[in-house]
Every structure is written in structure tokens, then in C-alpha cells.
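Here is a short report on one pocket and on how some helices pack. The sequence and the model come first.

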Amino acid sequence: MMDEVSPPSIIGNNIYLRFVKASDLDTYYSLLQEPELNRLTGSQSEFTREAIADWIEKIGVLQEGRVDFMIVVKGTDQLVGEVVLNEIDPINRSANIRICIQGSQHRGKGYGTEAMIHMIRYGFNTLNLHRIHLGVYDFNPRAMHVYEKIGFQREGIERDSLYQDGEFHDMILMAMLEDEFRSIYGEKSLN
């Protein structure tokens with residue numbers, strides 16, 4: 001069983017990132033049931049409490065190929081989302097990043113931007129990545145704007161990649177390279 005008192009892994013200004021705990025089950029389950037969040041992320045799966053409990057056991061520790069952090073608001077210790085580096089490829093030094101923030105009351109407060117920057121920094125500094133990429137659907141211009149503001153560049157389009165609400169949607173492919181991150185955020189290369 002996971003350690004219920006594990007300290008935050010990354011501490012930011014307004015949030016901290018930590019591993020999931022068994023006691024997060026209700027909040028995490030609720031997060032994955034949110035219709036708007038599922039629409040924005042293109043998720044078409046249904047999640048049971050049992051499946052989520054099993055998933056929490058799996059992602060509650062560092063594992064090969066992925067790092068899952070919960071986004072928690074400092075001061076209130078309220079879990080408001082997750083940020084994940086997955087598809088980690090140590091040979092090509094690349095990974096995919098994804099994020100979700102639960103509820104409109106938590107969006108637009110900068111939590112996602114701060115979490116993304118911390119996770120990107122973790123990817124480049126701790127995991128020695130060179131490239132971090134993501135996909136965002138064409139009906140989510142707000143997310144595209146945030147990713148571009150952080151420093152991601154558009155690389156291409158996966159046409160008609162998602163069928164949702166009776167129509168096809170494109171996925172916009174974006175990425176950031178290590179030297180771009182260091183240039184934007186004034187950090188020196190560790191290599």
C-alpha cells in the first residue's frame with residue numbers, strides 16, 4: 001500500500017505536485033466522471049470506482065515509462081487535477097505530457113500553467129528529456145493558447161482523429177524542445 005504521508009514531490013507558488021494516495025479515490029473518481037473534462041480530453045471511457053482504485057495502486061509510485069502527479073492547491077490541500085508524463089522514451093529522450101484540471105471553479109486560476117511548467121522542468125532536468133509533446137483537439141482553443149503561452153510550438157495536425165458528438169475533430173500536435181524551454185525560462189542546460 002502507498003505511503004499516506006508522502007511529502008510533495010514538487011512545490012510551486014500556488015500548487016504542489018505529489019503522487020496519488022489511496023485516500024484520493026473519491027476525488028480522483030469524481031475528476032474522471034466530469035463530462036466537460038472528458039469532452040475536452042477526448043476521453044470516451046467509463047471508469048468504475050474499482051478500476052480507479054486499481055489504477056491508483058499502479059500510479060502511486062514511480063514506474064518505468066510514466067510519471068503521474070496530482071495537482072494540489074497549497075493552503076487548502078485540495079486535489080484539483082493531474083499532470084502526467086507518459087510514453088517516456090529514454091533512448092530518444094522524449095515523452096508525451098497531458099493535464100486535466102477538475103471543475104470550472106479551478107480553471108483559469110493558473111494552476112494548470114504552473115503544473116505544466118513544473119512537470120516540463122521535471123522532464124528536462126530530472127528525466128533528461130530533450131522533447132516533450134502533446135495533442136490538443138481543435139475545439140479546445142483555450143488549451144492551445146495556454147500551451148503556446150508556455151512555449152509549445154505547433155508541429156502538425158492529425159486530421160479527423162476523434163469522433164465526438166456526431167462529428168470528427170482534428171488533433172493539433174505540439175511540442176517543446178529542451179533548449180526552447182531553457183531559453184524561455186532562463187535555465188542553463190544540465191548536459
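## A pocket and two helix contacts

The second largest pocket has a volume of about 160 Å³. (A pocket is an open set of points on a 1 Å grid with protein on both sides within 12 Å along at least five of seven lines; its volume is the space filled by probe spheres set on the points.) This is a predicted model, where local features need pLDDT of at least 70, side-chain atom pairs count only at pLDDT 80 or more, and totals for chains, interfaces and linings use all residues. Residues are numbered from 1 along each chain, and side-chain values use heavy atoms, without hydrogens and water.

The lining of this pocket includes Gln-63, Glu-64, Arg-66, Ile-88, Pro-90 and Leu-129. (Lining residues have an atom within 4 Å of a point.) By class, it has five nonpolar, three polar and three charged residues.

Helix 4 meets two other helices. (Helices are DSSP runs of H or I, at least four residues, numbered from the N terminus.)

| Pair | Axes come within | Crossing angle |
|---|---|---|
| Helix 4 (residues 111-125) and helix 5 (residues 141-150) | 11 Å | roughly 45° |
| Helix 4 and helix 6 (residues 178-185) | 11 Å | roughly 125° |

The crossing of helix 4 and helix 5 is right-handed. Here Thr-113, Met-116, Ile-117 and Ile-120 of helix 4 meet Val-146, Tyr-147, Lys-149 and Ile-150 of helix 5. (Contact means heavy atoms within 4.5 Å.) These residues divide into six nonpolar, one polar and one charged.

The crossing of helix 4 and helix 6 is left-handed. Among the residues in this contact are Arg-121 and Phe-124 of helix 4, and Glu-178 and Tyr-185 of helix 6. By class, the contact has five nonpolar, one polar and three charged residues.

Notes: On a 1 Å grid over the protein atoms alone, a cavity is a set of points where a 1.4 Å probe fits but cannot get out, and a pocket is an open set with protein on both sides within 12 Å along at least five of seven lines; lining residues have an atom within 4 Å of a point. Ala, Val, Leu, Ile, Met, Phe, Trp, Tyr, Cys and Pro count as nonpolar, Asp, Glu, Lys and Arg as charged, and the others, Gly among them, as polar. Axes are lines fitted to C-alpha atoms, for helices over the stretch in contact, and angles run from 0 to 180 degrees between N-to-C directions. A crossing is left-handed if the near helix is turned anticlockwise from the far one by less than a right angle, and right-handed if clockwise.
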